Amino acid sequence: MELDSLACEREWLIKSEVPSTISQLKLCLECAMSLFKSGTKKAPGKEETSQPLPGKYVFSAPHQDAIKAVVTVDGHRITQAEVSLRLASSKSNAPPLSTSLKDGTPWLLPQLQTSKQCVSRTANLLRDAPTLLESDVKCQAEASNLLMQQVEVLLSKAVDSLMIPDQWDLAEQARLNYQAGLRPQIPDDTMLVFYIHCSRLVAAVYSLTQAPTGTKHHSSSSIRAYVGSMFDRGHQWMEVSAVNRIEVTMPWVAEVLCLLTTAQQLCQQLKEKISLMR
């Protein structure tokens, strides 16, 4: 009787709980993809009625005039920006440098791009789920557990891309040289970067000096660099001598993180239920 009861529970889990969890995961991912595409929430299953509108974000903080900015974000790109910088090398009474980024020279935000790609891959994986689960109950349980593990790996990458900007560094930013699209250009001893940290868009200005010769150089240049960080810029070692940061909240990214966290919890819950049925 006990074995029969366990078999019935296992069959109920596979026939009911697994499809239900997969449906909930698909819904979370569909909502997340909608947000990545437009920055506004769209009811699942409904078509877009208009072109997605880029989001405009204003960076400002009281008692801070080292950097101010207004940027327009469209998908994973900053398409327009108006930036005001008070350069460390300028005299204290000198006016701030005003510069701008215009259409045609986008500034990419690879964290958003990577996270979106991981969500898309997860959605494709779940789309093939019915084929993976076409077998007997025992094999279906194993396949479901493996599927949840694969989904969790992709979801973790999607979340980490937004939560941990340290995966990107200043050397890579210098190579990409997005700030070359600014007009007028900013001095070579100043570096402007934009990155995502959790649900915030951060603008950081690094004042640079050439690293002393005759010293052992080592790269320590996370995009969240600190004073003393060094990186190789075109075969010339640079050291960060000053840092100024300002940030603005991106509500839709906060919602994406909430959806991805919910999806992670759904995976973990199903894996725990499957383990109890073994």
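Is Cys-28 buried or exposed, and at what relative accessibility? In this predicted model, Cys-28 has a relative accessibility of 11% and counts as buried, because the limit for a buried residue is a relative accessible area under 20%. Cys-118, at 6% relative accessibility, is likewise assigned to the buried class. The structure holds 0 disulfides. Cys-28 accordingly takes part in no disulfide, and the nearest cysteine sulfur, which belongs to Cys-31, lies 7.0 Å away, whereas a disulfide would require the two sulfur atoms to be within 2.5 Å.

The pairing of strands S2 to S6 may be described next. Strand S2, which covers residues 67–74, is paired with S3 in the antiparallel sense over 8 bridges, and within this pair Ile-67 has Leu-85 of S3 as its bridge partner. The hairpin formed by S2 and S3 has 2 residues between the strands, and in this hairpin Gly-75 adopts a positive phi near 70 degrees. Strand S3, comprising residues 77–85, is also paired with strand S4, residues 97–101, again in the antiparallel sense and over 5 bridges. Two of the residue pairs in this arrangement can be named: Ala-81 has Leu-101 of S4 as its bridge partner, and Leu-85 stands opposite Leu-97 in S4. Leu-85 is thus found both as the bridge partner of Ile-67 and opposite Leu-97.

Strand S3 is further joined by 2 bridges to strand S5, residues 107–108, and these strands run antiparallel; here the bridge partner of Ile-78 is Trp-107 in S5. Strand S4, for its part, is connected to S6 through 2 bridges, with the two strands antiparallel, and Ser-100 is placed opposite Arg-183 of S6. Arg-183 is in addition joined to Pro-184 by a cis peptide bond, for which omega is about -5 degrees. Pro-184 itself is located in the loop between strand S6 (182–183) and S7. As general background to this bond and to the phi values described here, most residues other than glycine have a negative phi, and most peptide bonds are trans.

A further group of 4 strands forms an open sheet, in the order S7-S8-S10-S9 and with antiparallel pairing. Strand S7 (190–197) and strand S9 (230–232) occupy the edges of this sheet and have a single partner strand each, so that one side of each strand is left without a neighbour in the sheet. On average, and with direction ignored, neighbouring strands of the sheet are turned by 40 degrees against each other. The pairing between S9 and strand S10, residues 237–249, is antiparallel and extends over 3 bridges; in this pair, Asp-232 has Trp-237 of S10 as its bridge partner. The loop between S7 and strand S8 (200–210) contains Cys-198, a residue other than glycine whose phi is nevertheless positive, near 60 degrees.

Strand S7 also contributes to the second largest pocket, in which about 210 Å³ of space lies. The lining of this pocket consists of 15 residues, and those nearest its centre are Asn-177, Gln-179, Asp-188, Thr-190 and Arg-233. At least two lining residues are supplied by each of helix H5 (170–176) and S7, and S7 gives the most, with 4 residues. When the lining is divided by class, 8 residues are nonpolar, 5 are polar and 2 are charged.

Among the residues nearest the centre of the second largest pocket, Asn-177 may be considered in more detail. Asn-177 is situated in the loop between H5 and S6, and its phi is near 55 degrees, a positive value in a residue other than glycine. With a relative accessible area of 39%, Asn-177 is classed as partly exposed, because this class lies between the buried limit of 20% and the exposed limit of 50%. In contrast to the partly exposed Asn-177, Cys-28 and Cys-118 both count as buried.

Note on methods
Residues numbered from 1 in each chain as written. Predicted model: local features only at pLDDT ≥ 70, side-chain atom pairs only at ≥ 80, totals over all residues. Heavy atoms only, no water. Pairing = 2+ DSSP bridges. Axes fitted to C-alpha atoms, helices over the stretch in contact; angles between N-to-C directions. 1 Å grid on protein atoms, 1.4 Å probe; cavity = no way out; pocket = protein on both sides within 12 Å on 5 of 7 lines; lining within 4 Å. Points joined across faces, edges and corners; volume = space filled by probe spheres on them. Nonpolar A, V, L, I, M, F, W, Y, C, P; charged D, E, K, R; others polar. Buried < 20%, exposed > 50% of the residue type's maximum accessible area, 1.4 Å probe, protein only.
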